[in-house]
Amino acid sequence: MDDQRRIITTDRAGSIWAGITWCSLLLFIVSGLLAMMAQTVLPANLGYPQLHDSGVPAWLTWTVVGVDIAAFFVPPLVTTSCGRKAKRLGHPVRSAVRIAWVTFAVVTLISLLLVLFG
């Protein structure tokens with residue numbers, strides 16, 4: 001068996017990490033599910049039918065927003081970490097990292113605007 005085919009070169013490892021960086025953007029799906037669960041389950045367990053109903057305390061609303069922001073903060077961190085590894089191996093994937101941070105910024109902005117003006 002030819003052992004040379006089994007050796008992972010730096011170039012191949014960089015390519016693999018670039019792929020992992022792009023795939024890490026799929027974590028936003030999990031973040032969205034966690035955010036939706038926080039918006040429905042947390043108020044329901046405390047006896048409130050909907051988060052935006054009258055009578056819902058402000059601390060609960062801000063707790064849910066905090067959980068949403070925290071959930072959406074994880075994917076950009078993972079994407080940035082994987083992107084750095086890929087860059088060190090010669091395969092920069094700046095666009096994936098930018099997409100992750102822009103998505104986080106947009107979701108955070110929308111969450112805050114909905115609470116403040118919604």
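1. Ala100 counts as buried, because its relative accessibility is 0%, under the 20% cut-off for that class. This and every other value here comes from a predicted model. Ala100 belongs to helix α4. Its C-alpha lies 6.9 Å from that of Thr79, a residue 21 positions away in sequence.

2. Ser111 is another residue of helix α4. With a relative accessibility of 14%, Ser111 is also classed as buried, since the class takes in values under 20%. Between the C-alpha atoms of Ser111 and Pro43 there is a separation of 16 Å, and the two residues stand 68 residues apart along the chain.

3. Cys82 sits in helix α3. Its relative accessibility of 8% makes it a buried residue. From Cys82 to Trp17 the C-alpha distance is 6.3 Å, although 65 residues separate the two in sequence.

4. On cysteine pairing, the search of the whole structure turned up zero disulfides. Cys82 takes part in none, and the cysteine sulfur nearest to its own, that of Cys23, is 9.6 Å away. Seen from the other side, the sulfur of Cys23 has Cys82 as its closest cysteine partner, but the 9.6 Å gap is too far for a bond. A pair would be counted as a disulfide only with the sulfur atoms within 2.5 Å. Such a link is a covalent bond between the sulfur atoms of two cysteines.

5. The surface carries a patch of positive charge made up of Arg84, Lys85, Lys87, Arg88, Arg94 and Arg98. Two elements, α3 (58-88) and α4 (94-117), each give two or more residues to this patch. Helix α3 supplies the largest share, with four residues.

6. Arg88, one of the residues in the positive patch, is placed in helix α3. Is Arg88 buried or exposed? Arg88 is exposed, because its relative accessibility is 62%, over the 50% needed for that class. Cys82 lies in the same numbered helix, α3, yet it is buried at 8%.

7. A nonpolar patch also appears on the surface, formed by Leu27, Val30, Leu34, Met37 and Val41. Together these residues have about 400 Å² of accessible area. One of them, Leu34, is located in helix α2, which covers residues 27-45.

8. Leu34 has a relative accessible area of 44% and is therefore partly exposed. That class lies between the buried limit of 20% and the exposed limit of 50%. Leu34 nevertheless qualifies for the nonpolar patch on accessibility, because patch residues need over 30% relative accessible area.

How values were computed. Residues numbered from 1 in each chain as written. Predicted model: local features only at pLDDT ≥ 70, side-chain atom pairs only at ≥ 80, totals over all residues. Heavy atoms only, no water. Patch = residues over 30% accessible without salt bridge, like charges linked within 9 Å, V, L, I, M, F, W, Y side chains within 5 Å. Areas by Shrake-Rupley, 256 points an atom, 1.4 Å probe, with all protein chains shown as cover. Salt bridge = Lys/Arg side-chain N within 4 Å of Asp/Glu carboxyl O. Lys, Arg positive; Asp, Glu negative; His and termini not counted. Charge placed at Lys NZ, Arg CZ, Asp CG, Glu CD. Buried < 20%, exposed > 50% of the residue type's maximum accessible area, 1.4 Å probe, protein only.
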